[in-house]
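Work through the exercises below with the sequence and the structure open beside you. Try each task before you read its solution.

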Amino acid sequence: MQFDSISAFFDMGGYAFFVWLSYGVSTLLLAALVFASHSNHKKVKKKIAQRLQREKKLRKAAEKQSAKAEQASPKNSVVENRSKNTNEVIS
Amino acid sequence: MWKWLHPYANPEVSYHFVGKLLPWISKITFVLLSIGIVWALAFAPADYQQGDSFRIFYVHVPTAILSMSIYIAMASAAFCSLVWQFRLADASAAAMAPVGAVITAIALFTGAAWGKPMWGTWWIWDARLTSELVLLFLYLGVIALHNAFEDKNLAGKAAGILSLVGVVNIPIIKYSVEWWNTLHQGATVSKMGAPSMSIDMFWPFVFSFLGIAMLITYVICIRFRTEILARNGMRPWVRALITAEGAK
């Protein structure tokens with residue numbers, strides 16, 4: 001230990017303001033960088049999850065609709081099936 | 001010979017590989033940085049001329065050196081991406097830019113806080129300080145270009161060209177203290193042969209340097225994984241990964 005007492009340590013030989021300012025700001029900036037990177041990672045994951053949810057919902061709605069159409073006019077079932085398949089391929 | 005490297009060009013393999021490294025990197029960072037900071041603040045001797053203000057050295061010099069190293073790494077990645085259209089290189093360049101900007105800002109700020117008690121001024125338009133400020137603006141420009149285009153490949157190209165042009169600034173920063181008369185002192189650590197500092201100042205410097213370098217590696221790894229996910233959001237493996245994590 002280079003300092004005789006705790007108060008001498010905090011005083012930094014008279015340069016307390018500059019030394020603690022440097023270390024403080026550096027710590028703050030680095031901590032903010034780490035935090036921002038973590039939260040950004042989570043945000044991107046959440047965004048992708050939301051898009052997957054939306055796709056699922058759309059697909060379900062499309063299936064429901066095609067099922068309804070099939071009930072209404074069974075003659076067109078081949079066409080309906082085909083459109084359903086293409087839907088799946090697209091999604 | 002290079003075959004073992006080949007699978008890492010695959011985003012999925014890289015994503016999981018970096019994910020496995022992360023816990024180790026964070027542990028090493030914590031150990032090195034704690035040792036470095038405590039040693040630098042409490043146990044390293046005070047400079048015979050500069051007194052305890054010299055302790056700023058242990059933050060200022062590592063960040064200043066690393067601000068240039070990160071830039072060179074980013075420019076090399078940008079070069080690989082531009083020449084060989086290597087997508088992951090682009091992702092890593094995009095991951096490095098914000099980290100470099102923060103490190104450069106720290107180097108500039110701690111330099112100012114050290115300059116005030118030693119030179120009597122926070123800022124002076126001398127060669128070393130000005131060229132380091134230009135480096136900060138280069139980083140900000142690269143970040144801005146990465147975010148300026150919806151299409152990430154186009155953005156990577158634009159940002160890559162800027163980072164390659166900006167490489168001329170690196171030797172200017174490095175040799176500014178020799179080419180021009182400046183207030184800034186010359187190299188302390190990286191002199192050829194024996195470093196011109198005493199050994200009980202050198203070791204805390206090594207620890208704080210490696211600690212900050214590892215912390216930067218940690219952050220770049222996180223950002224790299226984020227970039228991979230964002231650029232491959234439509235791929236089946238990303239869908240499977242997100243679905244599996246959502247179920248947890």
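The exercises go from the whole model to a pair of helices and then to a single residue.

This is a predicted model, in which local features need pLDDT of at least 70, side-chain atom pairs count only at pLDDT 80 or more, and totals for chains, interfaces and linings use all residues. Residues are numbered from 1 along each chain as its sequence is written, and chains are lettered from A and ligands numbered from 1 in the order in which they are written.

**Exercise 1. Confidence**

Task: State the scores of the model and the mean pLDDT of chain B.

Solution. Step 1: the model has an ipTM of 0.88 and a pTM of 0.86. Step 2: pLDDT is the predictor's confidence in each residue, from 0 to 100. Step 3: chain B has a mean pLDDT of 89, with 94% of its residues at 70 or more.

**Exercise 2. The two chains**

Task: Give the secondary structure of each chain and the percentage of its residues that are buried.

Solution. Step 1: helices (H or I, at least four residues) and strands (E, at least two) are DSSP runs, numbered from the N terminus. Step 2: chain A has 3 helices and 0 strands, while chain B has 8 helices and 0 strands. Step 3: a residue is buried if 20 or more other C-beta atoms, placed from the backbone, lie within 10 Å of its own; it is exposed if 12 or fewer do, and partly exposed in between. Step 4: in chain A, 13% of the 91 residues are buried; in chain B the figure is 39% of 248 residues.

**Exercise 3. The contact between the chains**

Task: Describe the side of chain B that touches chain A by its helices and its residue classes.

Solution. Step 1: two residues are in contact if their C-beta atoms, placed from the backbone, lie within 7 Å. Step 2: 27 residues of chain A and 36 residues of chain B take part. Step 3: on the side of chain B, at least two residues come from each of H1 (11-43), H3 (87-119), H7 (199-231) and H8 (236-247). Step 4: H3(B) gives the largest share, 10 residues. Step 5: Ala, Val, Leu, Ile, Met, Phe, Trp, Tyr, Cys and Pro count as nonpolar, Asp, Glu, Lys and Arg as charged, and the others, Gly among them, as polar. Step 6: this side of chain B then has 22 nonpolar, 7 polar and 7 charged residues.

**Exercise 4. A pair of helices**

Task: Find how H3(B) and H4(B) are oriented to each other.

Solution. Step 1: axes are lines fitted to C-alpha atoms, for helices over the stretch in contact, and angles run from 0 to 180 degrees between N-to-C directions. Step 2: the axes of H3(B) and H4(B) (residues 127-148) come within 9 Å and cross at roughly 155°. Step 3: H3(B) is therefore roughly antiparallel to H4(B) (under 35 degrees is roughly parallel, over 145 roughly antiparallel, 65 to 115 roughly perpendicular, the rest oblique). Step 4: the contact has 15 nonpolar, 4 polar and 1 charged residues, including B:Ala97 of H3(B) and B:Leu136 of H4(B).

**Exercise 5. One residue**

Task: Is B:Ile103 buried or exposed?

Solution. Step 1: B:Ile103 lies in helix H3 of chain B. Step 2: B:Ile103 is buried because it has 31 C-beta neighbours inside 10 Å. Step 3: leaving out residues up to four places away in sequence, B:Ile103 touches B:Thr63, B:Leu66, B:Ser67, B:Ile70 and B:Ile216.
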